[in-house]
Amino acid sequence: MSTCAKDLFAEQGLKGFIRGLSTPATLATPVTSLAFTGKTLAAVLFPGEIERKNYGQVATCAAFGGLLATLVSCPGERIKCVLQVNSQINRPRDAFFFLTRTYGFAGLYKGWTFTALRDVPGYTAFFLSYRY
């Protein structure tokens, strides 16, 4: 990892470490709203008032919200990674077209499993701490 960081700094300077961060920052609000929407939609599956749900029910709803959020966060993270690795691509729009031309629409979701493994537990912990 240190070799990668050294090579990146040597090739692109400090700018190389922050390239592509505008995409996840722009998508932060839609991702969070999808997580809240997914949690609320999943709460309909369990009978009773929202305030009376137990830990397991809240965790299940939160996990569904996190899973729904990955539908937007994964392409954003993928575009960010392409911008950081490929110095010939300068804008998020160019990275989007590069990915869709090279890999098709599915190329935006390469790495979805790891994004879900990060986001689902993260949103589950967030909503459980938010609730209790």
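**A note on aromatic pairs and overall form**

1. A search of the whole structure finds eight aromatic pairs, where rings of Phe, Tyr and Trp (its six-membered ring) pair if their centres lie within 6.5 Å, and where planes under 30 degrees apart count as stacked, over 60 as edge-to-face and the rest as tilted. One of these pairs joins F36 and F127, which meet edge-to-face, with 4.8 Å from centre to centre and 85 degrees between the planes. This pair links distant parts of the chain, since F36 belongs to helix α3 (residues 22-43) and F127 to helix α6 (residues 112-131), 91 residues apart.

2. Before going on, please keep in mind that this is a predicted model, in which local features need pLDDT of at least 70 and side-chain atom pairs count only at pLDDT 80 or more, while totals for chains, interfaces and linings use all residues. Residues are numbered from 1 along each chain as its sequence is written, and side-chain values use heavy atoms, with hydrogens and water left out.

3. Are the two partners of the first pair buried or exposed? F127 counts as buried at 1% relative accessibility, whereas F36 is partly exposed, with a relative accessible area of 28%; here buried means under 20% relative accessible area, exposed means over 50%, and partly exposed lies in between (1.4 Å probe, protein chains only).

4. A second aromatic pair is formed by F105 and Y109, and this one is tilted, with 5.9 Å between the centres and 55 degrees between the planes. F105 is exposed, at a relative accessible area of 56%, while Y109 counts as partly exposed at 26%.

5. Which residues do ring pairs link into a cluster? The members are F36, Y123, F126, F127 and Y130. If residues up to four places away in sequence are not counted, F36 touches F126, F127 and Y130, where contact means heavy atoms within 4.5 Å. By comparison with these partners, it is useful to look up T115 as well: the C-alpha atoms of F36 and T115 are separated by 17 Å, and the two residues are 79 residues apart along the chain.

6. T32 also has its place in helix α3, and with a relative accessible area of 32% it is partly exposed. From T32 to Y123 the C-alpha to C-alpha distance is 9.2 Å, although the two are 91 residues apart in sequence.

7. T23 is another residue of helix α3, and at 10% relative accessibility T23 counts as buried. Leaving aside its neighbours within four places in sequence, T23 is in contact with G76, I79 and P92.

8. T102 is found in helix α5 (residues 92-103) and is partly exposed, with a relative accessible area of 43%. T102 and V72 are 30 residues apart in sequence, and their C-alpha atoms lie 20 Å apart in space.

9. Turning to the chain as a whole, its secondary structure comes to six helices and zero strands; helices (H or I, at least four residues) and strands (E, at least two) are DSSP runs, numbered from the N terminus. The radius of gyration of the chain is 18 Å, well over the 14 Å that the globule rule gives for 132 residues, so the chain is more spread out than a compact globule. That radius is taken over C-alpha atoms, and the globule rule is 2.2 Å times the number of residues to the power 0.38. Along its principal axes, the C-alpha trace spans about 55 × 30 × 20 Å.

10. Some totals complete the picture. Buried residues make up 33% of the 132 residues in the chain, and among contacts with a separation of 6 or more, residues 24 or more positions apart account for 72%. The accessible surface comes to about 8300 Å², of which 67% belongs to carbon and sulfur atoms; such areas come from the Shrake-Rupley method with a 1.4 Å probe, and for residues only the protein chains shown count as cover.

11. Finally, the chain has 14 positive and 7 negative side chains, and the centres of the two sets lie 3 Å apart. Lys and Arg count as positive and Asp and Glu as negative, while His and the chain ends are not counted.

Note on methods. Charge placed at Lys NZ, Arg CZ, Asp CG, Glu CD.
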